[in-house]
Amino acid sequence: MNRLNGKVAIVTGASSGFGRGIALAYAAEGASVVVSDIHETPNQGGFEADPQLPTAAAIREAGGDGQYVACNVTKQDEVAQLVRETVRLYGRLDVMVNNAGIYRAGKLAHEFALEDLDACFDVNVRGTWFGCQEAIKVFLKQGTGGNIVNIVSTAGLQGHPKQSVYNISKGAAANLTRCLAIEYGRDRIRVNGICPTYAKTSLTRALFDDKDFDKAFTDVIPLKRWGEVEDIANLAVFLASDESSYIHGDLVRIDGGETLCRFSV
Ligand SMILES: NC(=O)c1ccc[n+]([C@@H]2O[C@H](COP(=O)([O-])OP(=O)(O)OC[C@H]3O[C@@H](n4cnc5c(N)ncnc54)[C@H](O)[C@@H]3O)[C@@H](O)[C@H]2O)c1
């Protein structure tokens, strides 16, 4: 339980879903965690066991170190303030998890509104960009390296029908991960991405509850199940820890084997 001992981490979008799971797992492994989101309580309709309990309070209840700092990742000044506040609270920053994201789907490309495109780019691209940029500034100033984990998606690695605005935004986050790994490896700033397929969070609740979708989806997954928040959180711990010290610029698929083949057995 000490794989992240002494590290200071920010997790964006950490009130719900993956971000919450990652924040809880980091704190359980000894990190001090700044939990950040646009609202403090989890999204309704998710799979949280205790949906009324804010993440930072859940961390502290479990004996860990967590503080909530509000931040809308689409605003660069708020992201800069989040990083400043983290350094004020804990004296440094070691790990930045750019997790906040939104999903838009259900339309062919010509049917999407400009608002759908802008929303996906604002949160998934600009939000990830701002998080990377502001973290890198402080990492360079500290001079002791750093670690960025971007929550991408298998949607950033391939095409899917009826979610083009989401896929192109995640494609940008995937390529940003590669570019930054090339530019900042020499500064010992590691940058990696996590690419889940559908996992059980409020973002996918409607799909999970659709029995036809559930069957079609699990049929094509070799492991025959949905991803769980803990699956993603465990990988995020590994990537933030020194156990993964030579993994850099990778986009790690966590998809039950979904992207191996189009046919099921
Ligand atoms: N759930 C999946 O199946 C899945 C699969 C692949 C990738 N992802 C990605 O994982 C990340 C987390 O998704 P999730 O499934 O946990 O979703 P979620 O909706 O359960 O949680 C997302 C959190 O981000 C916050 N958020 C939204 N906009 C924000 C903003 N502008 N600034 C700060 N916080 C904001 C929300 O308030 C929420 O707490 C997203 O980037 C998503 O695209 C999810």
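## The sheet

The core piece to look at here is an open sheet of seven strands, paired in parallel and ordered β3-β2-β1-β4-β5-β6-β7. At its edges sit β3 (65–70) and β7 (251–254), each of which pairs on one side only. Going from one strand to the next, the twist averages 20°. Keep in mind that this is a predicted model.

Zoom in on one pairing: β1 (residues 8–11) and β4 (residues 95–98) run parallel and are joined by three bridges. Within that pair, I10 stands opposite M96 in β4.

## Helices on the sheet

Helix α5 (residues 164–184) packs on the sheet, where it touches β5 (146–151), β6 (189–196) and β7. Compare directions and you get about 160° between α5 and β6.

Then there's helix α8 (residues 229–240), which lies across β1, β4, β5, β6 and β7. Its direction is at about 165° to β6.

## Where α3 meets α4

Two packed helices are described by the angle between their axes and the distance between the axes. For helix α3 (residues 76–90) and α4, the axes come within 9 Å and cross at roughly 40°. That crossing is right-handed.

Which residues in α3 and α4 meet? On the α3 side they are Q76, V79, A80, V83 and V87, and on the α4 side F130, G131, E134, A135 and V138. Sorted by class, the residues of this contact come out as seven nonpolar, two polar and one charged.

## Around the ligand

The ligand has 32 residues around it, and the ones that come nearest are G13, S16, G17, G101 and T201. Two elements give two or more residues to this shell: α1 (17–28) and α4 (114–142). Helix α1 gives the most, with three residues. Helix α4 is thus a name you've met before: it lines up against α3 and also contributes to the ligand shell.

How does the shell around the ligand split by class? It has 13 nonpolar residues, 18 polar ones and one charged.

## Overall build

Stepping back, the protein's secondary structure comes to eight helices and seven strands. The radius of gyration is 18 Å, close to the 18 Å that the globule rule gives for 265 residues, so the protein is as compact as a globular protein of that length. If you're thinking about box dimensions, the C-alpha trace spans about 50 × 40 × 35 Å along its principal axes.

Note on methods:
Residues numbered from 1 in each chain as written. Predicted model: local features only at pLDDT ≥ 70, side-chain atom pairs only at ≥ 80, totals over all residues. Near = placed C-beta within 6 Å. Helix = DSSP H or I, 4+ residues; strand = E, 2+ residues; numbered from the N terminus. Nonpolar A, V, L, I, M, F, W, Y, C, P; charged D, E, K, R; others polar. Pairing = 2+ DSSP bridges. Axes fitted to C-alpha atoms, helices over the stretch in contact; angles between N-to-C directions. Contact = placed C-beta atoms within 7 Å. Left-handed = near helix turned anticlockwise from the far one by under 90°. Rg over C-alpha atoms; globule rule 2.2 N^0.38 Å.
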